[in-house]
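Please find below a colleague's note on this structure, set out as numbered points. The points take up one exposed side chain, then the core, the sheet and the helix packing.

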Amino acid sequence: MLTKEQINSIKRGVPEDNDRMPIILGALGDPGRYRIFKILMDHHDICVTDIAAILGITVSAASQQLRVLERIGLVKKERMGQMICYEVRDDDPLVKSLCRLFS
């Protein structure tokens with residue numbers, strides 16, 4: 001049986017309810033989103049139409065997947081005229097850690 005001190009020590013190491021990691025891993029559990037994230041890790045500022053062409057999917061499908069990645073904070077978008085391009089958020093320490101893990 002654990003002592004009170006051991007229990008408190010373990011409690012401090014347990015992530016808070018607001019931990020983003022389960023949400024991020026859930027999103028990256030989708031093979032399409034994981035492939036898109038890997039593409040963006042290796043190539044900066046890729047537009048939606050390019051991602052669709054690389055993966056052989058519709059622009060609409062690529063856009064939906066990118067929207068999910070953006071919503072959870074893995075990527076950011078930038079409008080370049082009529083095109084919308086995405087890149088990995090390199091200003092987020094958690095995203096940096098994921099990039100190191102997946103590279």
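1. In which helix does Ile54 lie? Ile54 belongs to α4, and the model in which it is placed is a predicted one. Exposed residues are those over 50% relative accessible area, and Ile54 therefore counts as exposed, at 52% relative accessibility. For a sense of distance along and across the chain, Ile54 and Ile7 are separated by 47 residues in sequence, and their C-alpha atoms are 50 Å apart in space.

2. The largest nonpolar core comprises 25 residues, and those with the most contacts inside it are Leu28, Phe37, Leu40, Ile51 and Leu74. Two or more residues come from each of α2 (21-28), α3 (31-42), α4 (48-55), α5 (59-71), β3 (83-88) and α6 (93-102). The element that gives the most to this core is α3, with five residues. As general background, nonpolar side chains tend to be buried together in soluble globular proteins.

3. Leu40 deserves a paragraph of its own. When its neighbours within four places in sequence are left aside, Leu40 is in contact with Ile46, Ile51, Leu66, Val75, Tyr86, Glu87 and Val88. Two of these, Ile46 and Tyr86, stand opposite each other, Tyr86 being in β3, and Val75 likewise stands opposite Val88 in β3.

4. How are the strands ordered in the open sheet? The three strands follow the order β1-β3-β2, and the pairing is antiparallel. Because β1 (46-47) and β2 (75-80) stand at the edges with a single partner strand each, one side of each is left without a neighbour in the sheet.

5. The two pairings can be described by their bridges. β1 and β3 are paired in the antiparallel sense over two bridges, while six bridges join β2 to β3, again running antiparallel. Within the pairing of β2 with β3, Arg79 has Ile84 in β3 as its bridge partner. β2 and β3 also form a hairpin with two residues between them, and Gly81 in the turn has a positive phi of about 70°.

6. Turning to the helices, α3 and α5 pack with their axes 10 Å apart and at an angle of about 75°, and they are therefore roughly perpendicular to each other. On the α3 side, Arg33, Ile36, Phe37 and Leu40 take part, and they meet Ala62, Gln65, Leu66, Val68 and Leu69 in α5. Sorted by class, this contact of α3 with α5 has seven nonpolar, one polar and one charged residues.

7. At what angle do the axes of α3 and α6 cross? The crossing is at roughly 95°, and the axes come within 11 Å; α3 and α6 are therefore roughly perpendicular to each other. Tyr34, Phe37, Lys38 and Met41 in α3 meet Val95, Cys99 and Phe102 in α6. By class, the contact of α3 with α6 has six nonpolar, no polar and one charged residues.

8. Taken together, these points return to α3, which gives five residues to the largest nonpolar core. Phe37 is named among the α3 residues that meet α5, and Phe37 is also among the α3 residues that meet α6.

How values were computed:
Residues are numbered from 1 along each chain as its sequence is written. This is a predicted model: local features need pLDDT of at least 70, side-chain atom pairs count only at pLDDT 80 or more; totals for chains, interfaces and linings use all residues. Side-chain values use heavy atoms; hydrogens and water are left out. A nonpolar core is a set of buried Ala, Val, Leu, Ile, Met, Phe, Trp, Tyr and Cys residues joined through side-chain atoms within 4.5 Å. Buried means under 20% relative accessible area, exposed over 50%, partly exposed in between (1.4 Å probe, protein chains only). Helices (H or I, at least four residues) and strands (E, at least two) are DSSP runs, numbered from the N terminus. Contact means heavy atoms within 4.5 Å. Two strands pair if DSSP finds at least two bridges between them. Axes are lines fitted to C-alpha atoms, for helices over the stretch in contact, and angles run from 0 to 180 degrees between N-to-C directions. Angles under 35 degrees count as roughly parallel, over 145 as roughly antiparallel, 65 to 115 as roughly perpendicular and the rest as oblique. Ala, Val, Leu, Ile, Met, Phe, Trp, Tyr, Cys and Pro count as nonpolar, Asp, Glu, Lys and Arg as charged, and the others, Gly among them, as polar.
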